[in-house]
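This report describes a two-chain model from its overall make-up down to individual helices. Please consult the sequence and the coordinates alongside the text.

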Amino acid sequence: MRSRPVLLGLAVVGYAVMIVPILFVVVSSFTAGKTLSFPPQGFSLQWFEKALSYTPFIDALGSSVLLAIVSTILALGFGVPVALGIARGRMRSAPIIQSFFVSPLIVPELVIGLALYQQVMITLRLDSFVALLIGHIVILLPYTVRVTGATLALSDTSIEDAARGLGAGPWHTFRTVTLPLMRPGLISAALLSFITSFNNVPLSLLLQSREFRTFPVTMLDYVQQSYDPMIAAMSTLIMAGTVVIAIIAERTVGFARIFGGINQ
Amino acid sequence: MIRRPQLLLVPGAIVLGLGFLVPSLLMLFSPPGTSPVEVFERLGAMLTDPYDLSIIGRTLLYSVIVTLACIVLGFPIAFLLARSRSRFTGLWLALAIFPLLLSTVVRTFGWLVILGSNGAIGQLIVALGFADRGPQLLYTPLAVVLGMTQLFLPLAIITCYSAIAQVDQNLDDAARGLGASRTRTLWTVVIPLSLPGIVVAATLVFAGATTAYTTPYLLGGTGQRVLATQLFTYASVTVNWAAASATALIMTVLVFIVSGLSSLVARKGAVE
């Protein structure tokens, strides 16, 4: 390391760009002052109190959690059978089918949002929650298909064949052999889907309504109007929640494996 | 094993068809209350109008700069992490991935604290006596580039990391043993062998930067309009469906062109 000053210097700059803004948010959320200035004036938890009693934030937080949970469950419900079909179906066209199901990844989310806004909300006059749910399932489906598919592709099919050979029916084999094999993939896909849905801005931006607004969009609008330490406090709380998810990820399948796609 | 695997694909295919393919095609060919001709007329007008061209140009310029910055900063981090034997490597890697779990709004908000007129840099400049008032660093191209570099750096790092980790470290050692300097080993062994991964990283960052909304909106203000903020204005503020669809088409085509070029480069690299 010592003899690589250039690489080390660039790496330090890189980490600073990634981490320093996040640290500034956390530190400034504990200010006792009235404005967002740095260094913060004194120490207090007043902005956390204000953030937690500001109903638009809390309502939006509830909406986002609800949307993220429902769309994760549905994306798994639609995606896992697809992954199973691709991995175990012995179909010649499996690679083409796989690329069809991950195709939403290459279209900008804002474009998918615009399409759903025009066609689902304007033309069909459906509710914003329905439009958001469709949009979120569409962008989560590639993850659920790909991640559970990767686990299935790595698992040994001869165990399933053995179960069938020993007389287990297809459903029994699925429940007692395939499902446990898929467990790491299911956990990864669920956590990844939840985070992706919860943080999504481009879809929610166009598909929100007065009755149903998601948390990131509510924050975005608030920040655009005025930025006070309450946003910093809210961000710090969300970060704390995210750390909990990261710990769950590390304890189950592995943090870098789920969110970085890295097998160490 | 499964007698009729095609049946498993049906529900997912229906969701994707009705929730993605049909709406996307309808958006291009029949936006509400307009005809497809209007979308393509508008598209033609945009590609000749100096104002619209300046927005496309700015979007591309930001994307190129941010892509370069993410590779120049991300590759060294990925390389050091992939080749490190320290027991803290996992922790550093986790620190590079963690920002991906935070919403773009939270991450971008940090720059408001730093670059705002009462922000850290402004206060520092006043405290050091360089100026009486903090300079306005927000709503500048610099702010947008910094914000997007922060946003996409983790993506560049993990993609480069996976590529470098696949390059056998014995090859580095062999080059070193044959007398190549560390720098020469990096440029003639590690970088060429991990090039397909670097190209993928660059593509992901470029596509992300071309379509990013939150960062140019919060840090660029009205002076730094890009395709994404323009699309939102057309769809929500001025409600000009033809223009919104045309902007969406430009954005999608740009992403497709870059992805296509990169898979060509990656394939060529793999053959050589």
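The following paragraphs treat the two chains, their contact and two selected helices.

**The two chains**

The structure is a predicted model. Chain A contains 12 helices and 0 strands, and chain B likewise has 12 helices and 0 strands. Read along the sequence, chain A is therefore written as α-α-α-α-α-α-α-α-α-α-α-α under the assignment used for helices and strands. From its N terminus on, chain B runs α-α-α-α-α-α-α-α-α-α-α-α. The table sets out the general values for each chain.

| Chain | Residues and buried share | C-alpha extent along the principal axes |
|---|---|---|
| Chain A | 264 residues, 47% buried | about 70 × 60 × 30 Å |
| Chain B | 272 residues, 47% buried | roughly 75 × 70 × 35 Å |

Contacts within each chain were also sorted by separation in sequence. In chain A, 72% of the contacts between residues at least 6 apart join residues at least 24 apart. In chain B, residues 24 or more positions apart account for 73% of the contacts with a separation of 6 or more.

**The contact between the chains**

The contact draws 78 residues from chain A and 76 residues from chain B. On the side of chain B that touches chain A, helix 1 (residues 6-29) gives the most, with 13 residues. The residues on this side of chain B comprise 54 nonpolar, 20 polar and 2 charged.

**Helix 11 of chain A**

Helix 11 of chain A covers residues 229-252, a run of 24 residues. What span should these residues have at 1.5 Å a residue? The expected value is 34 Å, and the end C-alpha atoms lie 35 Å apart, which agrees. Buried residues of this helix include a run at its start, A:P229, A:M230, A:I231, A:A232, A:A233, A:M234, A:S235 and A:T236. A:I238 and A:A249 are buried as well. Just after the helix, A:G254 adopts a positive phi of about 120 degrees.

**Helix 3 of chain B**

Helix 3 of chain B, residues 50-83, has 34 residues. From its first C-alpha to its last, this helix reaches 49 Å, close to the 50 Å expected at 1.5 Å a residue. Where does helix 3 of chain B bend? The bend, of about 25 degrees, is at B:G74, and the proline B:P76 follows within four residues.

Technical notes
Residues are numbered from 1 along each chain as its sequence is written. Chains are lettered from A and ligands numbered from 1 in the order in which they are written. This is a predicted model: local features need pLDDT of at least 70, side-chain atom pairs count only at pLDDT 80 or more; totals for chains, interfaces and linings use all residues. Helices (H or I, at least four residues) and strands (E, at least two) are DSSP runs, numbered from the N terminus. The expected span of a helix is 1.5 Å times one less than its number of residues. A residue is buried if 20 or more other C-beta atoms lie within 10 Å of its own, exposed if 12 or fewer, and partly exposed in between; C-beta atoms are placed from the backbone. The bend at a residue is the angle between axes fitted to the seven residues ending there and the seven starting there. Two residues are in contact if their C-beta atoms, placed from the backbone, lie within 7 Å. Ala, Val, Leu, Ile, Met, Phe, Trp, Tyr, Cys and Pro count as nonpolar, Asp, Glu, Lys and Arg as charged, and the others, Gly among them, as polar.
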